[in-house]
Amino acid sequence: MEISELYNIFKEHPTVTTDSRDCPEGSLFFALKGESFNGNAFAEKALEQGCAYAIIDEKEFANPDDNRYILTDDCLKTLQDLANYHRKQLGTTIIGVTGTNGKTTTKELISTVLSEKYNVLYTQGNFNNHIGVPKTLLRLKKEHEIAVIEMGANHPGEIKTLVNIVEPNYGIITNVGKAHLAGFGSFEGVIRTKGELYDYLREHEGKVFIHNENEHLKGISHDLSLIKYGTSDTEDLCANGKVVSCTPFLNFKWRHGAEEWHEVNTHLIGNYNIYNMLAAACIGLYFGVSQEQIDHALSNYIPSNNRSELSITEHNKLIIDAYNANPTSMNAALVNFRDIEASPKMAILGDMKELGEVSNEEHQKIVDFLKTTDIKDVWLVGDEFGKTDCDYPKFKNVDEVKEKIGKNRPEGYYILIKGSNSTKLFQLPELL
């Protein structure tokens, strides 16, 4: 079946699912494959559950007497092609967002600011991979005026694949850092892969929003139309700003060019979030959102995704940043925590995953930095931190931490909780 024919079916049934346990009435089921499952085997169940059609790529799973089965060569490729075709039909203005750290928070902030003026579609959660991105695009409706699409990667070429599906008009790389080095091979591999967004925009005369003080990004931004933001307080910046305080919430001031300063009190932890805030302000200004609307959006944004959250419990004050961790984000979180005027402080840190052959070195760097701070109570969780040279208490996994808390819960602390998602430190806040 040609994509144009499948698209006609999609217009009649504009809800897509890849999970046979979640089949809205009249939806389209795409039988995707994974390492431990074959979606084709669940096509019949999906139809029984209410799907209008099942798109499969293995003929033996189709009932020849049932015209609700649509056979294709590759279900994933078909899903991606359908999303791209839909994107082209609507012609919606799209902003592509990627980066090592901060891309999800930045996506949320951009969407919050733009929503002051526009009907905005944006990536839910972190659905930013080869499956989540096309599913997000297929949620686009005619009434959406702008879409903000997050794109993630852990191997070379993945951003190129995603931008060719999304075809963004604008793009932003929040930063580049040491993450997924096992997949990228090196820090230079990270830069090249994230830069695939710039490559697409360069070829298609798109525009880039750029952190003007980031030398890595400036180094790959030649021949691009740039809209700049930063903290250098120069008049060529669309949005520039400075941290006022961070005890613990970020309070910052910003302005457009040489105009008057605006001061914003946020609900985000971490002075590093000023760059995410300025990116959102810059993009809002470019698209005609008023400065007052930008202030309103940024001051009212409340994180709810285990990123830069403050949770005050009966026993402690928790800074929860437990969704992900790599050397760049871990160091930034610790520097910010060190500088917060609070006492006593405690850090519960989980392993940073996918660092390959430099894992031991990077975990030791974090431990060595901790020794220079006033964070005296530190718990380290995971095999990689377990190999480091230090006297801090070490735990094999989160279950051992939970057992320790059950016997002797810390009381009256400011506690930073940060680690890769797979260390499951997000299970700790309810116990602290």
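**Reading salt bridges, sheets and helices**

Colleague: Which side chain meets K387 in a salt bridge?

Modeller: That's E384: its side chain and that of K387 come together at 3.3 Å, N to O. Keep in mind that this is a predicted model. The two partners sit in unlike surroundings, because K387 is exposed at 55% relative accessibility, whereas E384 is buried at 18%. Elsewhere, K33, D57 and E58 are linked into one network by salt bridges that share partners.

Colleague: How many salt bridges turn up in the whole structure?

Modeller: The search finds 22. Among them is the one between D339 and R338, with the closest N and O atoms 2.9 Å apart. D339 is partly exposed, at 42% relative accessible area, and R338 is partly exposed too, at 32%.

Colleague: Let's take a salt bridge within a helix. How far apart are E361 and K365 in helix 14?

Modeller: Start with the general idea. An α-helix has 3.6 residues a turn, so residues three or four places apart point the same way. Now the case here: E361 and K365 are 4 residues apart in helix 14, so about one helical turn separates them. They form a salt bridge whose closest N and O atoms are 3.4 Å apart. As for their surroundings, E361 is partly exposed at 44% relative accessibility, and K365 is partly exposed at 40%.

Colleague: And how do I read which side of a helix faces inward? Which residues of helix 6 are buried?

Modeller: In helix 6, residues 158–166, the buried ones are I159, L162, V163, I165 and V166. They cover an arc of only 155° around the axis, which means they lie on the same side of helix 6. To see what they pack against, look for helix 3 (75–90), strand 5 (93–98), helix 5 (132–137), strand 7 (146–150), helix 8 (187–194) and helix 9 (196–203). Just after the helix comes E167, with a positive phi of about 50°.

Colleague: On to sheets. In what order do the strands of the 6-strand open sheet run?

Modeller: The general idea is that strands of a sheet pair through backbone hydrogen bonds, either parallel or antiparallel. In this sheet the order is 14-15-19-16-17-18, and the pairing is mixed. Strand 14 (309–312) and strand 18 are at the edges with a single partner strand each, so one side of each has no neighbour in the sheet. Packed on the sheet is helix 13 (residues 327–339), which touches strand 15 (317–321), strand 16 and strand 19 (414–418). The direction of helix 13 makes about 175° with that of strand 19.

Colleague: Is strand 17 mostly covered or mostly open?

Modeller: Mostly covered: 4 of the 5 residues in strand 17 (residues 377–381) are buried. Strand 16 (residues 345–350) runs parallel to strand 17, joined by 5 bridges. One register point to check is M346, which stands opposite D377. Between these two strands the chain passes through helix 14 (residues 359–370), and this β-α-β crossover is right-handed.

Colleague: What pairs strand 17 with strand 18, and in which sense?

Modeller: There are 2 bridges, and the sense is parallel; strand 18 covers residues 394–395. For the register, L380 has K394 as bridge partner, while V381 stands opposite F395.

Colleague: Then there's the sheet with 9 strands. Which strands are at its edges?

Modeller: Strand 6 (120–122) and strand 13 (262–269), each of which pairs on one side only. The sheet is open and mixed, in the order 6-7-5-8-9-10-11-12-13. From one strand to the next, the twist averages 20°.

Colleague: Where could I look for an antiparallel pair there?

Modeller: Try strand 11 (residues 239–246) and strand 12 (residues 249–255), which pair in the antiparallel sense over 6 bridges. Within that pair, N240 has R255 as its bridge partner. Then find helix 11 (residues 274–286), which runs at about 145° to strand 11. Helix 11 lies across several strands, including strand 8 (170–173), strand 9 (207–211) and strand 10 (225–230).

Notes: Residues are numbered from 1 along each chain as its sequence is written. This is a predicted model: local features need pLDDT of at least 70, side-chain atom pairs count only at pLDDT 80 or more; totals for chains, interfaces and linings use all residues. Side-chain values use heavy atoms; hydrogens and water are left out. Buried means under 20% relative accessible area, exposed over 50%, partly exposed in between (1.4 Å probe, protein chains only). Two strands pair if DSSP finds at least two bridges between them. A crossover is right-handed if, with the strands pointing away from the viewer, the path from the first strand over the helix to the second runs clockwise. The arc is that of the directions from the helix axis to the C-beta atoms. Contact means heavy atoms within 4.5 Å. Axes are lines fitted to C-alpha atoms, for helices over the stretch in contact, and angles run from 0 to 180 degrees between N-to-C directions. A salt bridge is a side-chain nitrogen of Lys or Arg within 4 Å of a carboxyl oxygen of Asp or Glu.
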